[in-house]
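Q: Please examine the following model and explain the reasoning behind the terms applied to it.

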Amino acid sequence: MLQAEQLTKRFGAHLALDHLDLDIRSGEVYCLLGSNGAGKSTTINIFLGFLPATSGRALIDGLEVSVNNHATRNMVAYIPEVVNLYPTLTGLENLAFFSGLSGYAYSRAELRSFTQTAGLQDAALDQRVGGYSKGMRQKVGIAIALAKQAKALFLDEPTSGLDPHASNEFAQVITRLSSQGVSTLMATHDLLMAKNLGHRIGIMHQGRLQQELHSEAVSYAELTDCYLTTVNQSV
Ligand SMILES: Nc1ncnc2c1ncn2[C@@H]1O[C@H](COP(=O)(O)OP(=O)(O)OP(=O)(O)O)[C@@H](O)[C@H]1O
């Protein structure tokens with residue numbers, strides 16, 4: 001579903017992404033780990049069509065992002081660390097607005113079914129988003145992804161700053177979407193979340209994918225060791 005083929009990005013003389021290969025199947029949750037500046041967000045931004053690759057290809061459902069930008073954007077949803085919503089609109093109004101941008105005109109009952117699946121309490125629907133917690137904003141982000149029927153989710157440190165309960169709720173929703181065939185590429189610094197939520201885990205260092213692990217094949221302690229060894233090496 002998501003493929004990177006020798007994906008490379010230079011910012012001037014700086015090599016931010018160095019011949020990255022990824023192959024993420026439908027329904028798979030793939031977690032990208034790596035220290036600050038490893039190239040995780042750059043990878044996501046190229047898949048989203050926000051940044052052009054210097055060389056190599058990013059493909060979504062077989063379509064190359066750089067030549068099918070509109071079509072690939074329609075297939076994906078992006079949930080950054082802080083979901084950008086209109087603070088003076090309610091949760092439901094934000095959802096109606098953003099799903100409208102993708103060409104959908106849902107009834108209130110349909111919009112409510114998305115917020116319910118995303119775990120947002122009904123009581124919050126008609127409150128202005130300016131008063132929402134970070135976790136509630138994330139849930140609206142998930143509801144937007146559901147409403148646009150995204151085939152793939154790109155998550156950039158989505159659980160950073162969430163309390164354990166909210167993180168856990170978030171993970172449950174991603175797992176449910178995964179079982180429905182939605183692929184997820186998630187950049188995170190949360191090793192425990194990667195271990196528990198990811199099917200596979202990639203560890204990046206200085207723009208390169210250095211390790212790829214199946215999460216059920218490693219313990220949390222082994223993952224931590226592998227991560228520290230990888231990010232402490234000089235390339
Ligand atoms: N627009 C840009 N212009 C110049 N350099 C950039 C730009 N975006 C990213 N970089 C550089 O590319 C490298 C990779 O950055 P990236 O944001 O992908 O890392 P990251 O793994 O997501 O880090 P973090 O965990 O801090 O979010 C870094 O050295 C960063 O400074």
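Q: Why is Tyr78 called partly exposed?
A: Tyr78 has a relative accessible area of 32%. Buried means under 20% relative accessible area, exposed over 50%, and partly exposed in between (1.4 Å probe, protein chains only). The value for Tyr78 falls in between, so Tyr78 is partly exposed. The model is predicted: local features need pLDDT of at least 70, side-chain atom pairs count only at pLDDT 80 or more, and totals for chains, interfaces and linings use all residues. Residues are numbered from 1 along each chain as its sequence is written, and side-chain values use heavy atoms, with hydrogens and water left out.

Q: Which class does Phe50 belong to, and why?
A: Phe50 counts as partly exposed because its relative accessibility is 46%.

Q: What makes Phe50 and Tyr78 an edge-to-face pair?
A: Rings of Phe, Tyr and Trp (its six-membered ring) pair if their centres lie within 6.5 Å; planes under 30 degrees apart count as stacked, over 60 as edge-to-face and the rest as tilted. For Phe50 and Tyr78 the centres are 5.8 Å apart and the planes stand at 80°, so the pair is edge-to-face. Phe50 lies in the loop between helix H1 (40–47) and E4, and Tyr78 in strand E6 (residues 76–79), so the pair ties together parts that are 28 residues apart in sequence. Helices (H or I, at least four residues) and strands (E, at least two) are DSSP runs, numbered from the N terminus.

Q: How do you know which type of pair Phe97 and Phe98 form?
A: The ring centres of Phe97 and Phe98 are 5.2 Å apart and the planes are at 80°, so this pair is edge-to-face. Ring pairs also link Tyr86, Phe97 and Phe98 into a cluster. The structure holds seven aromatic pairs.

Q: Why is Asn94 called buried or exposed?
A: Asn94, in helix H3 (residues 91–101), has 0% relative accessibility and therefore counts as buried.

Q: What makes the approach of Asn94 to Leu89 a polar contact?
A: A polar contact is a pair of N or O atoms within 3.5 Å; within protein, one must be able to donate a hydrogen and the other to accept it, and residues adjacent in sequence count only if both atoms are side-chain atoms. The side chain of Asn94 reaches the backbone oxygen of Leu89 at 3.4 Å, so the distance criterion is met.

Q: What polar contacts does the ligand have with Asn36, Gly39 and Ser41?
A: Oxygen atoms of the ligand lie 2.9 Å from an N or O atom in the side chain of Asn36, 2.9 Å from a backbone N or O atom of Gly39, and 2.7 Å from a polar side-chain atom of Ser41. Taken alone, the ligand exposes 640 Å², of which the protein buries 60% (areas by the Shrake-Rupley method with a 1.4 Å probe; for residues, only the protein chains shown count as cover).

Q: Which element gives the most residues to the shell around the ligand?
A: H1 gives the most, with three residues.

Q: How do you know that E1 and E4 pair?
A: Two strands pair if DSSP finds at least two bridges between them. Strand E1 (residues 2–11) and strand E4 (residues 55–60) share five bridges in the antiparallel sense, so the criterion is met. Leu2 has Ile60 in E4 as its bridge partner.
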